[in-house]
Amino acid sequence: MEKILIPLIGNELAPRFDMALEVLIVSVTRETSAMGKIDEKIVILDAPSSETMYRMVMSESVKTILCAGIEKEIYDFLRRKRLRVIDNVCGPVDPVLEAYLMGTLTEGQSYY
């Protein structure tokens with residue numbers, strides 16, 4: 001099972017990883033189909049911060065982060081922890097997540 005974390009503002013990726021008050025956590029279990037089984041939950045955070053997000057990543061066993069913007073120091077820290085971070089992605093969460101699940105999402109893409 002793969003877990004994906006997406007910082008949100010409304011129905012779109014939040015402009016900054018450490019400033020989001022909502023987080024979408026997607027659990028994907030790949031079975032026989034290309035997409036597999038998907039479970040989603042939204043977590044509301046008390047206060048945005050990089051430390052709060054990191055705790056969420058660790059407690060949820062997240063392996064991949066999709067975000068619009070992240071500070072280089074935090075990005076490097078997460079990569080050292082062997083997390084996959086796809087940064088600089090903008091747009092509504094549904095097409096971004098779909099592109100990721102189809103294997104076509106890369107850094108720098110906009111879905112507006």
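This passage walks through the strands, two of the helices and a few unusual backbone angles of a predicted model. Local features are described only where pLDDT is at least 70, side-chain atom pairs count only at pLDDT 80 or more, and totals for chains, interfaces and linings use all residues. Residues are numbered from 1 along each chain as its sequence is written, and side-chain values use heavy atoms, with hydrogens and water left out.

A few terms come first. Helices (H or I, at least four residues) and strands (E, at least two) are DSSP runs, numbered from the N terminus. A residue is called buried under 20% relative accessible area, exposed over 50%, and partly exposed in between (1.4 Å probe, protein chains only). Two strands pair if DSSP finds at least two bridges between them.

Strand β1 is a good place to start. It spans residues 2-9, and 7 of its 8 residues are buried, so the rest of the structure largely encloses it. Which strands does β1 pair with? One is β3, which runs antiparallel to β1 and is joined to it by 7 bridges. Within that pairing, L5 has I25 as its bridge partner, while I6 is matched with L24. Another is β5, this time in the parallel sense, over 2 bridges. Here L5 turns up again, with I65 of β5 as its bridge partner. Then there is β2, antiparallel to β1 and held by 2 bridges; in this pair, I9 stands opposite E12. β1 and β2 make a hairpin with 2 residues between them, and G10 in the turn has a positive phi of about 65 degrees.

Strand β3 (residues 22-29) tells a similar story: 6 of its 8 residues are buried, so it too is largely enclosed by the rest of the structure. Besides β1, β3 pairs with β4 (residues 37-44), in the antiparallel sense and over 8 bridges. Across that pairing, V28 stands opposite I38 of β4.

Now for the helices. In α1 (50-59), the buried residues are M53, M56 and V57. Looking down the axis of α1, these fall within an arc of 100 degrees (taken from the directions from the helix axis to the C-beta atoms), so they line one face of the helix. This spacing fits a simple rule: an α-helix has 3.6 residues a turn, so residues three or four places apart point the same way. What do the buried residues of α1 pack against? They sit against β1, β3, β4 and β5, where contact means heavy atoms within 4.5 Å. On the face turned away from the buried side, α1 carries the exposed residues R55 and S59.

Helix α3 (93-102) has V93, V96, L97, A99, Y100 and L101 as its buried residues. Their cover includes β1, β2 (12-13), β3, β4, β5 and β6. Just after α3, G103 takes a positive phi of about 80 degrees.

Finally, there are two backbone oddities. Most residues other than glycine have a negative phi. S61, however, has a positive phi of about 55 degrees although it is not a glycine. S61 lies just after α1, in the loop that leads to β5 (64-66), and is partly exposed, at a relative accessible area of 47%. N88 is not a glycine either, yet has a positive phi of about 65 degrees. N88 lies in the loop between β6 (84-86) and α3 and counts as partly exposed, at 42% relative accessibility.
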